[in-house]
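Hi everyone, thanks for having me. Today I'd like to walk you through one structure, slowly and in plain words. Please have a look at it while I talk.

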Amino acid sequence: MSIKMSITFPKPNLKWWSGSKNEVLQVVKEYNEEAWAAERDPVTGDKWAPRKQPTGSHPLLKKSGKMQKSTQFKATSKPMMFNAVVKVPYGGFHQRGTSKMPQRRWLGLGSDITPKLVPIFREHLFSGTIKFHTS
């Protein structure tokens with residue numbers, strides 16, 4: 001006696017990144033913009049450390065707006081790798097903090113971005129199905 005089986009599973013799309021990187025890049029940009037607007041660390045979700053007084057009443061990291069306006073995100077050819085180019089010399093000091101200034105990380109990705117990325121991955125990671133039959 002023989003048993004015949006048929007198995008169907010999703011066919012991987014090996015070129016998924018080329019078709020989805022612009023969509024993913026847009027989500028990454030929006031995610032970081034939302035974190036900036038909320039004055040929170042995009043990785044941990046923690047609020048940025050408050051400013052020591054008296055240092056002004058402008059929103060944190062927005063005295064002139066140059067750092068945020070000059071930041072450009074670019075997707076690389078490697079899946080889920082992004083570069084952020086910042087055209088002000090002080091961006092790294094805020095990102096990492098210093099001995100005299102607390103870290104106010106303003107670039108990065110946290111786990112709460114996952115629900116925004118899943119629909120894009122579902123659409124692009126697989127293309128069709130593969131069927132195996134036994135005889």
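Let me begin with one residue in a loop. Glutamate 39 lies in the loop between helix 1 and helix 2. Keep in mind throughout that this is a predicted model. The phi angle of glutamate 39 is near 55°, which is a positive value in a residue other than glycine. Is glutamate 39 buried or exposed? The answer falls in the middle: glutamate 39 is partly exposed, with a relative accessible area of 21%.

A second residue also has a positive phi. For methionine 80 the angle is near 60°, again in a residue other than glycine. You will find methionine 80 in the loop between strand 2, residues 72-75, and strand 3, residues 82-85. Methionine 80 is partly exposed, with 29% relative accessible area.

Now let's step back and look at the whole chain. How many helices and strands does the protein have? There are four helices and four strands. Reading from the N terminus, the order of the elements is β-α-α-β-β-α-α-β. The radius of gyration is 22 Å, well over the 14 Å that the globule rule gives for 135 residues, so the protein is more spread out than a compact globule. You can see this in the spans too: along its principal axes the C-alpha trace covers about 85 × 25 × 25 Å.

What about the surface? The accessible surface of the protein comes to about 9,400 Å², and 57% of that belongs to carbon and sulfur atoms. Of the 135 residues, 27% count as buried. As for contacts between residues at least 6 apart in sequence, 66% of them join residues at least 24 apart.

On to the charges. The protein carries 23 positive and 9 negative charges, and the mean positions of the two groups are 7 Å apart. Here is a general idea to hold on to: side chains of opposite charge can pair when their charged atoms come close. How many salt bridges does the structure hold? It holds two.

One salt bridge joins lysine 116 and glutamate 34, whose closest N and O atoms are 2.9 Å apart. This pair links distant parts of the chain, with lysine 116 in helix 4 (residues 114-124) and glutamate 34 in helix 1 (residues 16-37), 82 residues apart. Lysine 116 is partly exposed at 37% relative accessibility, and glutamate 34 is partly exposed at 39%.

Another salt bridge forms between the side chains of aspartate 41 and arginine 105, at 2.9 Å from N to O. Here, too, distant parts of the chain are linked: aspartate 41 sits in the loop between helix 1 and helix 2 (66-70), while arginine 105 sits in the loop between helix 3 (91-96) and helix 4, 64 residues apart. Aspartate 41 counts as buried, at 7% relative accessibility. Arginine 105, at 22%, is partly exposed.

Next comes a charged residue without such a partner. Arginine 40 lies in the loop between helix 1 and helix 2. Which side chain of opposite charge is nearest to arginine 40? That is aspartate 112, 4.1 Å away. A salt bridge needs a nitrogen and a carboxyl oxygen within 4 Å, and arginine 40 is buried yet has no salt bridge. Leaving out residues up to four places away in sequence, arginine 40 touches several others, including Tyr31, Trp48, Arg105 and Asp112.

My last stop is serine 20, which is found in helix 1. Serine 20 is buried, with a relative accessible area of 0%. Which residues does serine 20 touch, if we skip those up to four places away in sequence? They are Ile120 and His124. Serine 20 and proline 79 are 59 residues apart along the chain, and their C-alpha atoms are separated by 9.4 Å.

That brings me to the end of my tour. Thanks for listening, and do go back and find these residues for yourselves.

Note on methods:
Residues are numbered from 1 along each chain as its sequence is written. This is a predicted model: local features need pLDDT of at least 70, side-chain atom pairs count only at pLDDT 80 or more; totals for chains, interfaces and linings use all residues. Side-chain values use heavy atoms; hydrogens and water are left out. Helices (H or I, at least four residues) and strands (E, at least two) are DSSP runs, numbered from the N terminus. The radius of gyration is taken over C-alpha atoms; the globule rule is 2.2 Å times the number of residues to the power 0.38. Buried means under 20% relative accessible area, exposed over 50%, partly exposed in between (1.4 Å probe, protein chains only). Contact means heavy atoms within 4.5 Å. Accessible areas come from the Shrake-Rupley method with a 1.4 Å probe; for residues, only the protein chains shown count as cover. Lys and Arg count as positive and Asp and Glu as negative; His and the chain ends are not counted. The place of a charge is taken as NZ of Lys, CZ of Arg, CG of Asp or CD of Glu.
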